Amino acid sequence: MRKNSKVTQREHTSEHVTESVADLLAHEAPLDYKNSSLNVGGVPGKKIVLEPPENDGRPAWNSKLQYILAQVGFSVGLGNVWRFPYLCQKNGGGAYLVPYFILLVLIGVPLFFLELAVGQKIRRGSIGVWNYVCPQLGGIGVSSLMVCGFVGLYYNVIIGWSIFYFFQSFQYPLPWAECPIRRNGSLAIVEPECEKSSATTYFWYRQTLNTTSTIADSGGLNVKMTLSLLVAWIIVCLAVIRGIASSGKVMYFSSLFPYVVLFCFLVRGLLLKGAVDGIAHMFTPKMLEPQVWREAATQVFFALGLGFGGVIAFSSYNKIDNNCHFDAVLVSFINFVTSILATLVVFAVLGFKANLMNEKCVMENGEKILGYLNSNVLSHDLIPPHVNFSQLSTVDYAEIYAVIKTVKEGSFAELSLDPCVLEDELNKSVQGTGLAFIAFTEAMTHFPASPFWSVMFFFMLINLGLGSMIGTMTGITTPVLDTYKVQKELFTVCCCIIAFFCGLLFVQRSGNYFVTMFDDYSAGLPLTVVVILENVSVAWIYGTKRFMQDLEDMLGFRPHAFYFYMWKYVSPCCLIVLITATVIEMAISPPGYNAWVEELAQERFQSYPPWALAMCFSLIVVAMLPLPVVFIARYFNLMSDGSNNVQIISNYVPAPDHPLKEESTHDVFRVVGEEAQ
């Protein structure tokens, strides 16, 4: 279509141009798209038929429920089960919920609403959306895609670990219930590495990962983990191969099943001895420190999947008049409630485990005291007459411990007695793989019918991970499929194959250390930068007033002024503070990892070698590199602005009382046909 073609409609003659969505959203006069047609270049009989964006042949969700489940499945992931409870335990118990909820309202809901709205309005993936909103910041979409790629590589490895444990759970007793016995002729001894740690810890580090002691020693591929990773990528590929047509159906199960398991675990956990102690510990307020706000903001940020592109991609398949404000509030609320539910389950089970460990501590130290009594190291007069060592309670032990500590003050340290305080066990912070594959599995070995609960738990982890992986893969495939005309199935299969081979880095014997590296460096800072640029491009470059007007036209009502001030001022300021705090934290914290030392049977912190340190910062640079590259290339007109992938026709008639520079429009129309006979 030629730029100087003339159009006639309703006795108005104006010049129409093919523009980017950001420019078109500046025009104001709506068009009767159902009955309109445009003559092209004065050629008689040749017309352009305009239809609303919903009719552009783009796939759509079968139902609103399917879409909501997809967004819930993407946002509710493994972090809700093993990251949020840890932060709650570490940062003030129930008091942590206050800053988390405040930041969810100030940052989470407004930015989640923003991503839903731009995806639904422009109906493109992350690359297309930011190309049209602000072409010079089009690198935002590419950076989102890069981060999705990095995260997807190691996230699916965690699903592979869960798959391995899932299949290992179909046996009784569970393989991590007891330490293995090493036989040397007629002599049978407990595996030393297991005896120094625990059965579940040994199974995780030695029999599952078979980990090396340093990141520099790759140790070769772990065959069991390689096969598990292959199965994980096959499952993901089958789930996303047909886009939302296949992933939408998977979400009905993968999004709902984890809630069934969580409720079952909550009921079972509340019936366990010590569960109330764990939950009471969770809700006991403690002093809040400044870094709590930073960690709460980071958790809100990642809990909703902001910046990954999955939220925008899912939303782009909606009808343009869908109430995305309701969706943003609903999904954010479900995410918050899920985190609390998961925390209740975790603390109930860990309370049970803490009681078991405390009883074991009392029994072992009681035997020590009996030995000291029999060898006359301690006097029988120190023991209260009501104490029965065959059934020594924690209260009785605490009384004995206090008496001995007072009487033997000078030589008490030589007795090597432990205080065996339940609070100390509850205060042991466990997160991530340590929570799922060590602490929780150890607690489940003491459940009646433990294999059943283990199968349910790891099947839940697989589904939680699958929901997030579907969103991550959609954040990769949708922008590319929108930009380039490639076959969806072939492109998806190629992505999964390439990702599997790249993922072999994480299934070496040292692979666990690379998972930690990618988790720490590949997403945190780049995603924060991506989201603040999203916020700035909409609120300050495109214009908050114009965006609010677009939302009113799209939704049929004007969102509350609260969002105007959040997008314009509060959210950008919060994100700048978060970026600053993240950079400072990275600068003052020595980069390193916790390595498993076989000889000591425990973890030791080790600094990254120079090549690994270079790899850490390369992840950050590569993820953020598209931002300056695209900006410079478009600033100097070295590449197109990306808006020519979708041709949009504007019939521009400014409002009589509206200055030209403040133009806005009520709708955007897409060219969907060329000939009218």
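Biologist: Let's start with Thr-474. Buried or exposed?
Modeller: Buried. Its relative accessible area is 7%, and the cut-off for buried is under 20%. Keep in mind that this is a predicted model.

Biologist: Where does Thr-474 lie?
Modeller: Thr-474 is part of helix 20.

Biologist: And what is Thr-474 in contact with, leaving aside neighbours within four places in sequence?
Modeller: Ala-313, Phe-314 and Pro-479, once the neighbours within four places are set aside.

Biologist: Which residues does UniProt list for "binding site"?
Modeller: The unreviewed entry gives Gly-73, Val-76, Asn-80, Asn-335, Leu-464 and Ser-468. In sequence they are spread over 396 residues, yet they cluster in space. The largest C-alpha distance among them is 12.8 Å.

Biologist: Take Leu-464. Which helix?
Modeller: Helix 20, which covers residues 450-483. Ser-468 is found in helix 20 too, and we have already placed Thr-474 there.

Biologist: Leu-464, buried or exposed?
Modeller: Leu-464 counts as buried because its relative accessible area is 5%, and buried means under 20%.

Biologist: What is Leu-464 in contact with?
Modeller: Beyond four places in sequence, Leu-464 is in contact with Gly-73, Val-76, Gly-77, Leu-78, Val-81, Tyr-155 and Pro-258. Gly-73 and Val-76 are also on the UniProt list.

Biologist: How about Ser-468, buried or exposed?
Modeller: Buried, with a relative accessible area of 6%. Outside its neighbours within four places, Ser-468 is in contact with Gly-73, Phe-74, Val-76, Gly-77 and Tyr-155. Gly-73, Val-76, Gly-77 and Tyr-155 are contacts of Leu-464 as well.

Biologist: Switching to packing. Which residues touch the most other members of the largest nonpolar core?
Modeller: Phe-265 and Trp-567, in a core of 177 residues. Helix 7, residues 139-168, gives the most to this core, with 17 residues.

Biologist: What is Phe-265 in contact with?
Modeller: Leaving out the neighbours within four places, Phe-265 is in contact with Val-345, Phe-440, Met-444, Phe-447, Trp-453, Met-456 and Phe-457. There is also a second, separate core, of 18 residues. Among its members are Ile-369, Tyr-372, Leu-378 and Leu-392.

Biologist: And on the surface, which residues make the nonpolar patch?
Modeller: Val-223, Leu-227, Leu-230, Ile-234 and Leu-238. The patch is about 480 Å². Leu-230 is found in helix 10, residues 223-240. Its relative accessible area is 35%, so Leu-230 counts as partly exposed.

Biologist: Now charges. How many salt bridges does a search of the whole structure find?
Modeller: It finds 8. In general, side chains of opposite charge can pair when their charged atoms come close.

Biologist: What meets Arg-182 in a salt bridge?
Modeller: Glu-191, at 2.6 Å from N to O. Arg-182 is partly exposed, at 40% relative accessibility. Glu-191 is buried, at 14%.

Biologist: And Glu-359, what does it form a salt bridge with?
Modeller: With Lys-273, where the closest N and O atoms are 2.5 Å apart. This pair links distant parts of the chain, 86 residues apart. Glu-359 sits in helix 16, residues 324-374. Lys-273 is in the loop between helix 12 (257-270) and helix 13 (275-283).

Biologist: Is Lys-273 buried or exposed?
Modeller: Lys-273 is exposed, with a relative accessible area of 55%. Its partner Glu-359 is partly exposed, at 32%.

Biologist: What about Glu-295? Which side chain meets it in a salt bridge?
Modeller: Arg-294, at 4.0 Å from N to O. Glu-295 is buried, with a relative accessible area of 10%.

Biologist: Which residues are linked in a network of salt bridges?
Modeller: Glu-193, Arg-206 and Glu-598.

Biologist: Zooming out, how many helices and strands?
Modeller: There are 26 helices and 10 strands. Of the 677 residues, 55% count as buried.

Biologist: What share of contacts with a separation of 6 or more joins residues 24 or more positions apart?
Modeller: They account for 80% of those contacts.

Biologist: Last one. What area does the protein expose?
Modeller: About 29300 Å², and carbon and sulfur atoms supply 61% of it.

Note on methods: Residues are numbered from 1 along each chain as its sequence is written. This is a predicted model: local features need pLDDT of at least 70, side-chain atom pairs count only at pLDDT 80 or more; totals for chains, interfaces and linings use all residues. Side-chain values use heavy atoms; hydrogens and water are left out. UniProt positions are given in the numbering used here, feature names are shortened, and annotations may be inferred rather than shown by experiment. Helices (H or I, at least four residues) and strands (E, at least two) are DSSP runs, numbered from the N terminus. Buried means under 20% relative accessible area, exposed over 50%, partly exposed in between (1.4 Å probe, protein chains only). Contact means heavy atoms within 4.5 Å. A nonpolar core is a set of buried Ala, Val, Leu, Ile, Met, Phe, Trp, Tyr and Cys residues joined through side-chain atoms within 4.5 Å. Patches are made of residues with over 30% relative accessible area and no salt bridge: like charges are joined within 9 Å, nonpolar side chains (Val, Leu, Ile, Met, Phe, Trp, Tyr) within 5 Å. Accessible areas come from the Shrake-Rupley method with a 1.4 Å probe; for residues, only the protein chains shown count as cover.
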